[in-house]
Amino acid sequence: MRGAYAFQPVAYPDERGEFVTTYQRADFVAALGHPLFPVAQASQSTSRRGVVRGVHYTPAPPGTAKYVRCVRGRALDLVVDLRLGSPTFRRVDQVELSGSDHCALYLPPGVGHAFVALEDDTVISYLLSEEYEPRNELALSVLDPELGLPLPRGLEPILSERDRAAPTLAQAAERGLLPDHAACEAVRHTWS
């Protein structure tokens with residue numbers, strides 16, 4: 001999907017354990033052509049197996065970008081382009097994140113994010129370009145057939161009340177809640 005990117009760092013194990021650099025500015029700039037956003041907030045969640053968080057997104061302005069990684073456990077991370085006017089609008093990408101593979105994802109403003117915890121005690125860490133503001137954090141139904149998210153079979157989704165009540169993509173579009181691609185790009189350009 002345009003603008004989203006997965007980083008797979010190299011781990012250096014030895015008799016003491018392991019060392020890994022989970023973010024390096026030069027690698028980020030080489031991959032995306034711009035630096036990571038100024039970090040406004042760092043957060044993490046702990047989830048039991050079957051918990052689904054999302055699809056969450058923030059329209060622009062203010063537009064929130066994320067740098068996401070799994071610290072412990074395993075999760076199926078789902079990313080959907082919700083930016084009206086984007087060449088990859090409605091495209092869904094997925095990647096399995098784990099505490100042992102150290103993969104990290106960069107998600108630009110306007111891209112929806114969800115994950116499914118595949119193990120108990122799965123910890124997801126987030127760096128955010130904006131501080132959390134409840135009125136700016138929107139959600140879409142992870143179960144919306146129009147999105148067609150590839151949720152794991154045989155796993156009953158455990159959703160928050162907010163995520164259970166989230167609108168579908170069509171409902172969000174009707175209400176004018178989907179982000180504009182150009183506005184999201186304008187937010188990103190303020191970081192350079």
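Is Ala-165 buried or exposed? Ala-165 is exposed, with a relative accessible area of 63%. This residue sits in the loop that runs between helix 2 (161-164) and helix 3 (169-174). Its C-alpha atom is separated by 8.7 Å from that of Leu-140, a residue 25 positions away along the chain. Please keep in mind that this is a predicted model.

## The chain as a whole

Let us step back to the overall picture. The protein chain contains 4 helices and 12 strands. Its radius of gyration is 16 Å, close to the 16 Å that the globule rule gives for 192 residues, so the chain is as compact as a globular protein of that length. Along the principal axes, the C-alpha atoms fill a box of roughly 55 × 45 × 30 Å.

How much of the chain is buried? Buried residues make up 46% of the 192 residues. The chain exposes about 9700 Å², and carbon and sulfur atoms supply 49% of that area. Turning to contacts with a separation of 6 or more, 83% of them are accounted for by residues 24 or more positions apart.

Charge comes next. The chain carries 19 positive and 24 negative side chains. The centres of these two sets lie 1 Å apart.

## Aromatic rings

The structure holds 8 aromatic pairs. One of them joins Phe-7 and Tyr-67, whose ring centres are 6.2 Å apart and whose planes meet at 50 degrees, so the pair is tilted. Phe-7 belongs to strand 1 (residues 5-7) and Tyr-67 to strand 6 (residues 66-72), so this pair ties together parts that are 60 residues apart in sequence. Both Phe-7 and Tyr-67 are buried.

Which residues form one aromatic cluster? The members are Tyr-5, Phe-7, Tyr-23, Phe-28, Phe-37, Tyr-67 and Tyr-106. If you have the model open, Phe-7 and Tyr-67 are a handy place to start looking at this cluster.

## Backbone details

Now for the backbone. Most residues other than glycine have a negative phi, and most peptide bonds are trans. Against that background, four places in this chain are listed here.

| Place | Backbone value | Location |
|---|---|---|
| Gly-54 to Val-55 | cis, omega about 15 degrees | Val-55 in strand 5 (residues 52-57) |
| Ala-60 to Pro-61 | cis, omega near -10 degrees | Pro-61 in the loop between strand 5 and strand 6 |
| Arg-90 | phi near 75 degrees | loop between strand 7 and strand 8 |
| Asp-121 | phi near 60 degrees | loop between strand 10 (111-117) and strand 11 |

Arg-90 has a positive phi although it is a residue other than glycine. Its relative accessible area is 38%, so Arg-90 counts as partly exposed. Asp-121 also combines a positive phi with being a residue other than glycine. At 47% relative accessibility, Asp-121 is partly exposed.

## Two more loop residues

Where is Arg-91 placed? Arg-91 lies in the loop between strand 7 (74-81) and strand 8 (92-98). With a relative accessibility of 41%, Arg-91 is partly exposed. Leaving aside residues up to four places away in sequence, Arg-91 touches Met-1, Val-79, Val-80 and Asp-81. Arg-175 is 84 residues from Arg-91 along the chain, and the C-alpha atoms of the two are separated by 21 Å.

Glu-131 belongs to another stretch, the loop between strand 11 (122-128) and strand 12 (138-139). Why does Glu-131 count as exposed? Its relative accessible area is 57%, and the cut-off for exposed is over 50%. Not counting residues up to four places away in sequence, Glu-131 touches Ala-40 and Gln-41. Glu-131 and Val-39 are 92 residues apart in sequence, yet their C-alpha atoms are 8.8 Å apart in space.

Note on methods. Residues numbered from 1 in each chain as written. Predicted model: local features only at pLDDT ≥ 70, side-chain atom pairs only at ≥ 80, totals over all residues. Heavy atoms only, no water. Helix = DSSP H or I, 4+ residues; strand = E, 2+ residues; numbered from the N terminus. Rg over C-alpha atoms; globule rule 2.2 N^0.38 Å. Buried < 20%, exposed > 50% of the residue type's maximum accessible area, 1.4 Å probe, protein only. Contact = heavy atoms within 4.5 Å. Areas by Shrake-Rupley, 256 points an atom, 1.4 Å probe, with all protein chains shown as cover. Lys, Arg positive; Asp, Glu negative; His and termini not counted. Charge placed at Lys NZ, Arg CZ, Asp CG, Glu CD. Phe/Tyr/Trp six-rings, centres within 6.5 Å; stacked < 30°, edge-to-face > 60°.
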